[in-house]
Amino acid sequence: MSTPESSSQPSLVQQSRDGDILVLTINNPPVNAFSPGVPEGLKAGLDAAAADDSVKAVVIIGGGRTFVAGADIRTFDMPREQSPDLRGTIEKLDAFTKPTVAAIHGTALGGGLELAMGCTYRVAVPGAQVGLPEVKLGVLPGAGGTQRLPRVVGAAKALDMMLSGNPIRATEAGQLGLIDRIIDGDLLAGAVEFAREMADARPLPRISERSVPGATPDVFAAARQGIRKTHRGQLSPSLIVDLAEMAAAVPFQEGWDAEATKFMEAKDSPQSRGLRHIFFAERESAKIPGITKDTPTTEIRSAGIIGAGTMGGGIAMNFLNVGIPVTIVETQQEALDRGLSVIRRNYENTARKGRMSMEDVEARMALLTPTLDMGDLKDADIIIEAVFENMDVKKDIFTRLDGIAKPGAILASNTSTLDVNEIASVTSRPESVIGLHFFSPANVMKLLEIVRAEKTSDTVLATSMALAKRIRKVGVVVGVCDGFVGNRMVHRYGDEARQIVEEGARPEDVDASMNALGLPMGPFQMSDMAGLDIGHAIRQHQAKVAGQPKPDGWLDRIVETGRKGQKTQGGIYDYDETRRPIPNADMQKLIEDYRAEKGITPREITQEESTKRLAYSLVNEGAKILEEGIAQRAGDIDVIYIYGYGFPAYRGGPMQYASEQGLKNVVADLEKYGQTPAPLLKRLAEEGKTFAQYDAEKGRA
Ligand code: T1G
């Protein structure tokens, strides 16, 4: 095997020979993204192969852990002439006159699968995954994916893969004809052997020359129908359906050209900027200054959960789902039995939907040990308290835990608002105390606010971050304040929503203004789901702490009528059996009477005003949170709102959304609507900056 070098952009592709087969190995760790240097190296390799008659075929393979995981997302906003020429490389492959074989391990995603489909053949190890996830970045397969995939797997399957963005395993791809051979042994050896077998096969089977199977009008109509529900308000899904339909209707070249135009349209959209922002923000949120891969962590082999209620049960399932045994504690047998039956029912429902087997159900339940004795938690590596939100109760539990838990055990509280420093202060080991704030339903919601208290040790923090990834959560580190990041902002958002109704709007119009922004639930639909009594209790607690009189807003009066939301079949709205919110005339009357009593003359409030006041109330509180260092990055706040509060990912989260609107405009609107902009927001607006620039500067500081 020998290795010649190539051109101005340092090549990230190594050339080597195995007899009459030229092997091109892409080396661009960690995921062999199609960065500058890759196209240059591949093109040079093909030129070398074309110029050398002794080369019978070419194998393209990824070095390290994967094939090409796609175009380099960081280059999307590069000037066209500088951005890596993926389409040109694939055009060269398509016109190449010798067999080319893509040898796939790890993932071939987006541009990686498009590169492979530009080759004559594809081989893969059984565990490899292939897919076109571009829709998750607000774009579309822009290097032939929308034209080639339908030609191989058929219109319906191609649409399913491109609209879900989810990869499929190589074995399934093999059954679909997308992979020509599954290689069980050494991939490179198997690929070279396959290439040698196909070296003289002619004509070369180019995907671009095939037609699209199963391209009937109903397939595209069904896809358009589907995305109206699954991708409401999004641009790229409909472009994908249009292009897949074109693949069946026009010559390849025409579809290929149209794809390039539509790709640019999608790429330059705020939606794609929002989704790309979240792609990187989610990965950045896992990085904590001072915490490195060398920070010592403790191994979590067993967990203890205190409280078998809705939260405790959901939290336990996360551990059982990844094979970690759980001991769950309750004070009453009846509560314990109820908690276990809810967990079993949840699993059995999942099994009934075919998403797990009954063996799995029994295996997970077998890892669960119920007890009425907190002493049984003495050997647990982590103990999470999930009892109702009362400081005295939590302090009592942590005092007892301090005497029970083994040295080095992590003591965590699932509190959603209370002071974790105060909870830690009752123990002799505050360095072992941390907040792990799960979101309801805890076995479903991906967000985990990891609350770093003043004395939390780096080991406890690093262990909690690793644990979040292990139980498939998106862990975001936040500091201690009332409501941490997510709830503190949503409380401010709730205040503004109630104020807008007080001034004249109807609750359903306020909710509609956030539905229009893409949130599945507006503030009042969310309050009714969470329970109006929860918000009421928090407002009473906050008033008491601040020494203010008992809150007496229109929403407090609704609670005092006994209406608590969905759990009482009625709150701000009534609910039918499908849980659809229905405005209630009596509640509307209650609001009108309240205004009259307070001497408020209701006024017309437009949807635009409502949307801005609500969205910007989140942003403004977010800016204060950044100033106080409770959140490290604006990007972290965006990740919290995407994974915990249903903020649409294609808007990039509230902070990114504000940057898209222009922080100058946000400040002007806040002042126009009587809100005082946070100093950080005013400064960034004056400097003409975005929150992403703020994060980058801070990251560099
Ligand atoms: N471009 C740039 N950086 C990337 C990248 C990419 N495509 N994929 C990953 N990274 C970085 C990531 O930010 C992180 O960096 C590191 O690699 C490890 O990633 C024309 C236009 C492959 C399944 O959407 O889904 O092709 O934080 O932590 O958990 O049609 O990465 O260490 O600095 O995620 O093992 C389509 C995106 C692009 C796949 C591996 N491709 N990547 O997961 O590692 S659009 C994708 C992933 C496209 C063409 C279009 C995952 C992964 P850092 P990681 P992982």
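A cavity is a set of grid points where a 1.4 Å probe fits but cannot get out, and its volume is the space filled by probe spheres set on the points. The exercises below use this definition on a predicted model.

**Exercise 1. Cavities**

Task: State how many cavities of 30 Å³ or more there are, and describe the second largest cavity by volume, lining and residue class.

Solution.
- Step 1. The count comes to two cavities of 30 Å³ or more.
- Step 2. The second largest cavity has a volume of about 40 Å³.
- Step 3. Its lining consists of Val490, Tyr493, Leu519, Met526, Leu618, Tyr641 and Tyr645.
- Step 4. Sorted by class, this lining has seven nonpolar, no polar and no charged residues.

Task: Repeat the description for the largest cavity.

Solution.
- Step 1. The volume of the largest cavity is about 60 Å³.
- Step 2. Leu93, Asp94, Phe96, Lys98, Thr100, Gly118, Cys119, Thr120, Leu204 and Arg206 line the largest cavity.
- Step 3. Four nonpolar, three polar and three charged residues make up that lining.

**Exercise 2. Helix 18 and helix 24**

Task: Classify the packing of helix 18 and helix 24, and give the handedness of their crossing.

Solution.
- Step 1. Helix 18 spans residues 486-503 and helix 24 spans residues 607-627; they pack at an angle of about 150°, with their axes 9 Å apart.
- Step 2. Angles over 145 degrees count as roughly antiparallel, and helix 18 and helix 24 are therefore roughly antiparallel to each other.
- Step 3. The crossing of helix 18 and helix 24 is right-handed.
- Step 4. On the helix 18 side, the contact includes Arg488, Val490, Tyr493 and Glu503, among others; on the helix 24 side, Arg613, Leu618 and Glu621 are among the residues involved.
- Step 5. By class, this contact has eight nonpolar, four polar and seven charged residues.
- Step 6. Val490, Tyr493 and Leu618 belong to this contact and also to the lining of the second largest cavity.

**Exercise 3. Two further helix pairs**

Task: Classify the pairs helix 18 with helix 25 and helix 24 with helix 28.

Solution.
- Step 1. The axes of helix 18 and helix 25 (residues 634-644) come within 10 Å and cross at roughly 75°.
- Step 2. That makes helix 18 roughly perpendicular to helix 25.
- Step 3. Gly486, Met489 and Val490 of helix 18 meet Ile637, Ile640 and Tyr641 of helix 25, a contact with five nonpolar, one polar and no charged residues.
- Step 4. Helix 24 and helix 28 (residues 679-686) pack at about 100°, with their axes 7 Å apart.
- Step 5. Helix 24 and helix 28 are therefore roughly perpendicular to each other.
- Step 6. Val619, Asn620, Ala623, Leu626 and Glu627 of helix 24 touch Pro679, Leu680 and Leu681 of helix 28; the classes are six nonpolar, one polar and one charged.

**Exercise 4. Backbone exceptions**

Task: Locate the cis peptide bonds at proline 203 and proline 441, and the positive phi of arginine 472.

Solution.
- Step 1. Most residues other than glycine have a negative phi, and most peptide bonds are trans.
- Step 2. Arginine 202 and proline 203 are joined by a cis bond, omega about -5°, and proline 203 sits in the loop between helix 7 (187-198) and helix 8 (217-230).
- Step 3. From serine 440 to proline 441 the bond is cis, with omega near -5°; proline 441 is in the loop between strand 15 (433-438) and strand 16 (447-451).
- Step 4. Arginine 472, not a glycine, has a positive phi of about 60° and lies in the loop between helix 17 (458-470) and strand 17 (474-478).

Notes. Residues numbered from 1 in each chain as written. Predicted model: local features only at pLDDT ≥ 70, side-chain atom pairs only at ≥ 80, totals over all residues. Heavy atoms only, no water. Axes fitted to C-alpha atoms, helices over the stretch in contact; angles between N-to-C directions. Helix = DSSP H or I, 4+ residues; strand = E, 2+ residues; numbered from the N terminus. Parallel < 35°, antiparallel > 145°, perpendicular 65-115°, else oblique. Left-handed = near helix turned anticlockwise from the far one by under 90°. Contact = heavy atoms within 4.5 Å. Nonpolar A, V, L, I, M, F, W, Y, C, P; charged D, E, K, R; others polar. 1 Å grid on protein atoms, 1.4 Å probe; cavity = no way out; pocket = protein on both sides within 12 Å on 5 of 7 lines; lining within 4 Å.
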